[in-house]
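Here is a quick tour of one model, taken a piece at a time. Have the 3D view open as you read.

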Amino acid sequence: MSRLIRLIASTAVYSILATSALADTAGGEHNASTAAPAGHTGVPFPSAPEIAPIGVRLDKYMDVPEAAKGPPIDPAKGYRLEKLGRGLYMVTDNGYQSMFMVYESGVVVVDAPPSYAAKLKQAIAEVTNLPITHIIYSHSHTDHIGGAGLLGGHPVIVAQEETKRLLLRDADPARPIPTVVFKTSYRMQLGSQRLELSYHGDGHEPGNIFIYAPEQKTLMVVDIVFPGWMPFRRFAVAHDLPGWMAQVEMIAKLPFDKLVAGHVARLGTRADVLTQIEFDNDVKSAAAAALKTTPFVDGINPADAGNPWALTDDYTARVAGSCVKTLTPKWSNRLGAFDTFVWDECYAMEQSLRVD
Ligand SMILES: [Zn+2]
C-alpha cells in the first residue's frame, strides 16, 4: 500500500475517532461565537510555545551566539579566503562555503556558489595564476554549483552519477553537465595532491558526496552539518531524515580536523558535529514524546469533523508546538538562529516519525 493510501486510510479511522471525540468535547474549548472567518487565523492554541510559529513576522530575531560567528568578510572583496594547509583553501561569503586546491599544473575547484562565484577567480588569483583544470560538484543544487558556468574554460567536471542524472533533467546552462562520474568512490591524484570522493547514499539529496583531502585532514560535506547553527529548515530539506541523521553520525567517525560544511561563517570541528547529533536526537525524542502524548482531537471546531486534513493539521501543529516547547530551554541560546527553523525541524521530525 502506498504511503498516501495508508495516510488516507489512517486519517479515515482518525476521522471516525475524531467524530466521537468531538461529540464529547463539542461546546468545550472551541467557542464558535468568537470564531474568525473560515480559513483565517483563529484563537491561539492553549499553552503554545513563545517561539513564533512559521509565517509570523518577528520584531527581532534572537541574537546569534558568538560561537556561531566566523571571521568577518572584507566588504570591498565580498569573500574571505581561509588557508586549510598545503595548497587547499576555503572560500566563503559567510553564508556559503566552497574550496579550491592548487596542484603543480592547475587548480581544482569544489563547488561554485552563485552568491560569490563571480569573485571566485579573483580569490584563486590571490594565490596562483594556474588555470582551473577541474571542478567537483558536491551535489546538484544550484545554490552550491550554479556559478560553475561562470568559471569558463573547459575543465573536467567530476560528480556522482546521480548528480549527472539530476543535472541532465534540470538542463541549466549555469550548471554544466559533469564529464566524469562515479558510483561509490573516486580517487583524484593531481600531481602531489590528492582528493578522495565517496558516496554514501541519499543523506541530503541523491548524489551528495563526501570530499576528503587526506594530507590536509579536511572533509567537505555540504548541507548535512551546520557548525554552530540550526540546520537549515526541515533538516536542510533532507529527502530522507533517517538517512540524513545517519550521515551526521558517519561524519563524526571520520578522521578530519577541519570540516567545510558548505554553509555559514566558519569551519566546522568534530565538536560541532557531536553537538548537531545531540540536537538531532533531542528533536527526535521531543517529537516522539509529543506524538505519544498529544490527543489527536482537542478543541477543534466540530464542523471540521469530516475534514481529515484539518484534523491532521490541527494535531500536527499541537505536536510540533509541544516539540518546540521541549527544545527551547536547552537549545535557544546554544545554536545560531534557533527561532528561525525550530518549528520546521519539529514538523519535519514528526512527519518522518509517522511515516519512515
Ligand atoms: Zn543542497
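## Two helices and some strands

Let's begin with α9, which has 18 residues and reaches 26 Å from its first C-alpha to its last, close to the 26 Å expected at 1.5 Å a residue. Bear in mind that this is a predicted model. A good part of α9 is tucked away: F338, F341, V342, W343, E345, C346, Y347, A348, M349, E350 and S352 are buried. The cover over those buried residues of α9 includes α5 (233-237), α6 (241-252), α7 and α8 (308-331).

Now for α7, one of the elements in that cover. Its 24 residues should span 34 Å at 1.5 Å a residue, and the end C-alpha atoms of α7 sit 35 Å apart, which agrees. Here is how the two helices line up.

| Helix | Residues in the helix | End-to-end C-alpha distance | Expected span |
|---|---|---|---|
| α7 | 24 residues | 35 Å | 34 Å |
| α9 | 18 residues | 26 Å | 26 Å |

How do α7 and α9 meet, in angle and axis distance? Helix α7 (residues 270-293) packs on helix α9 (residues 338-355) at an angle of about 65 degrees, with the axes 9 Å apart. Their crossing is right-handed. On the α7 side, the contact is made by V283, K284, A287, A288, A290 and L291, while α9 brings E345, C346, M349, E350, L353 and R354. Sort the residues of this contact by type and you get 8 nonpolar, no polar and 4 charged.

Which residues of α7 are buried? They are D272, V273, T275, Q276, F279, V283, A286, A287 and A290. These buried residues of α7 pack against α6, β12 (258-260), α8 and α9.

One more stop in helix α7 is I277. Is I277 buried or partly exposed? I277 counts as partly exposed because there are 16 C-beta neighbours inside 10 Å, and being buried would take 20 or more. Leaving out residues up to four places away in sequence, I277 touches V248, E249 and A252. I277 and Q247 are 30 residues apart in sequence, yet 10.0 Å apart in space, C-alpha to C-alpha.

On to the strands, with β4 up next. Strand β4 (residues 106-110) is mostly covered, as 4 of its 5 residues are buried. Strand β3 (residues 97-103) pairs with β4 in the antiparallel sense over 5 bridges, and a hairpin of 2 residues joins β3 to β4. In this pairing, V102 stands opposite V107 in β4. β4 also runs parallel to strand β5 (residues 132-136), joined by 4 bridges. There, V108 has H134 in β5 as its bridge partner.

Last comes an open sheet of 5 strands, in the order β8-β9-β10-β11-β12, with mixed pairing. Why do β8 and β12 each have one side without a neighbour in the sheet? β8 (185-190) and β12 stand at the edges and each has a single partner strand, so one side of each is left without a neighbour in the sheet. On average, neighbouring strands here are turned by 20 degrees against each other, direction ignored. At the β8 edge, β8 pairs with strand β9 (residues 193-199) in the antiparallel sense over 6 bridges, and L190 stands opposite Q193 in β9. As for the edge strand β12, that is also one of the elements that the buried residues of α7 pack against.

Conventions:
Residues numbered from 1 in each chain as written. Predicted model: local features only at pLDDT ≥ 70, side-chain atom pairs only at ≥ 80, totals over all residues. Axes fitted to C-alpha atoms, helices over the stretch in contact; angles between N-to-C directions. Left-handed = near helix turned anticlockwise from the far one by under 90°. Contact = placed C-beta atoms within 7 Å. Nonpolar A, V, L, I, M, F, W, Y, C, P; charged D, E, K, R; others polar. Expected span 1.5 Å × (residues − 1). Buried ≥ 20, exposed ≤ 12 C-beta atoms within 10 Å, placed from the backbone. Pairing = 2+ DSSP bridges.
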